[in-house]
Amino acid sequence: MSSILKVDNLQTGAGATHSISSLGVTSPGTVLQEICAVCDGRTVSGVTFENVTAIQGLTTSHADITGSTVSYTPPAGTTTVVYTFSFHHRGVDHGGISHYQLNIDGTDVSNFRRTLAGQYDSQAHHVDRMVLEFPILIDSSIASDDIANLKLKTWTSARTLKMTAREYSSNYDASLHNNNWWDGTGASGSNKLSIPTLSIKAIA
C-alpha cells in the first residue's frame, strides 16, 4: 500500500531552513543553483542584474562592460561557480579589435584574458555575439585566493564579478550591445540595442 507524505516546511534540528546539501541529496557535479537573466534590471532568485539601456562605445582604457556586474554568494557545498556573460560586439572600423577580462572583487583574472579580432579593413564592420564563460574553483586546500587562475580558497559571502573591455587603439573602434546590419537595412542608421544576458551556475 502506497503512502504520501506532505509537509509545508522542512527544517534542521536548530530550526534553520534546509539546503539541498544539508538534506544529503547532492553528489559531486550536482547543480545546486542556476540563475539566468536578461540584463534589464530584473531580480532573479534574490540576485539583481544591471539595466542596459544603451549601446556602449569602447575606448583605449579598460572600462566595466555594462550589464556584466553582479554580486553573488553561492549556496553551501559549492565547489565551482560558472560565470557566463553573453553580449553583442560591433567592429566600427578595422574589425574592431578589442580586449576582455573578468574581474573578481577588484582583481583581474589575468590568465584568462580574451581578444576579439575581426578582418582588417577600414570598412570591415565585424558584428557577432560573444559568449564568455569562466569556471571559478572553490578549494579550501589552497593557501589563499589565486584569482589570476580562477581559484578561490573560500566563497561564503557576496563577491562582485564583472567584465572589463577596451579597444586595441582608436583606429580599431568597437562598440558593445550594438546589433548592426539588421534586417537588410545596411549600415546607415541600423544600429540597434541588443541587451546582454548573464548566467551563474553553482556546482557541488
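Biologist: Let me start with one residue: is Y100 buried or exposed, and what is its relative accessible area?

Modeller: The label is a cut-off on relative accessible area: under 20% is buried, over 50% exposed, and partly exposed lies in between (1.4 Å probe, protein chains only). Y100 has a relative accessible area of 1%, so Y100 is buried. Keep in mind that this is a predicted model, where local features need pLDDT of at least 70 and side-chain atom pairs count only at pLDDT 80 or more, while totals for chains, interfaces and linings use all residues. Residues are numbered from 1 along each chain as its sequence is written, and side-chain values use heavy atoms, with hydrogens and water left out.

Biologist: Got it. How many helices and strands does the chain have?

Modeller: Those are DSSP runs numbered from the N terminus: helices are H or I with at least four residues, strands are E with at least two. Here you get 0 helices and 17 strands. The chain has 204 residues, and 39% of them count as buried. As for accessible surface (Shrake-Rupley method, 1.4 Å probe; for residues, only the protein chains shown count as cover), the chain comes to about 10,700 Å², with carbon and sulfur atoms holding 49% of that.

Biologist: What share of the contacts between residues at least 6 apart joins residues at least 24 apart in sequence?

Modeller: A contact is heavy atoms within 4.5 Å. Take the ones between residues at least 6 apart in sequence: 70% join residues at least 24 apart. S68 makes a nice case, sitting in the loop between β5 (63–64) and β6 (70–72). Its relative accessible area is 0%, so S68 is buried. Beyond its neighbours within four places in sequence, S68 touches E50, Y83, F85, L161, K162, M163 and L198.

Biologist: And T78, where is that placed?

Modeller: T78 is in the loop between β6 and β7, and at 10% relative accessibility T78 counts as buried. A polar atom of the T78 side chain lies 2.7 Å from the backbone oxygen of P75. With the neighbours within four places set aside, T78 contacts L32, I138, A202, I203 and A204.

Biologist: Back to the rings. How many aromatic pairs are there?

Modeller: Phe, Tyr and Trp rings (for Trp, the six-membered one) pair if their centres lie within 6.5 Å; planes under 30 degrees apart are stacked, over 60 edge-to-face, and the rest tilted. That rule gives 4 pairs. One of them is Y72 with W155, edge-to-face at 6.1 Å centre to centre and 90 degrees between the planes. The two are 83 residues apart, Y72 in strand β6 and W155 in the loop between β12 (151–152) and β13 (159–167). Both Y72 and W155 are buried. Then there's F87 with Y100: the ring centres are 5.5 Å apart and the planes at 45 degrees, so that pair is tilted. F87 is in strand β7 (residues 80–91) and Y100 in strand β8 (residues 98–104), 13 residues apart. F87 is buried at 0% relative accessibility, and F85, F87 and Y100 form one aromatic cluster.

Biologist: Now charges. How many salt bridges does the structure hold?

Modeller: The test is a side-chain nitrogen of Lys or Arg within 4 Å of a carboxyl oxygen of Asp or Glu. The structure holds 4. In one of them, K162 bridges to D64, with the closest N and O atoms 3.1 Å apart. K162 is in strand β13 and D64 in strand β5, so the pair ties together parts 98 residues apart in sequence.

Biologist: Which residues are joined into one network by salt bridges that share partners?

Modeller: Start with D105 and R159, whose closest N and O atoms are 3.1 Å apart. D105 is in the loop between β8 and β9 (107–108), R159 in strand β13, 54 residues apart. D105 is partly exposed at 40%, whereas R159 is buried at 11%. D145 also bridges to R159, again with closest N and O atoms 3.1 Å apart. D145 sits in the loop between β11 (127–138) and β12, 14 residues from R159. Through the shared partner, D105, D145 and R159 form one network.

Biologist: Last one: which residues make the nonpolar surface patch?

Modeller: Patch members have over 30% relative accessible area and no salt bridge; like charges are joined within 9 Å, and nonpolar side chains (Val, Leu, Ile, Met, Phe, Trp, Tyr) within 5 Å. Here I55, L193 and I195 make a patch of about 210 Å². L193 is in strand β16 (residues 192–193) and is partly exposed at 37% relative accessibility.

Key: Polar contact = N/O pair within 3.5 Å; in protein donor to acceptor, adjacent residues only side chain to side chain.
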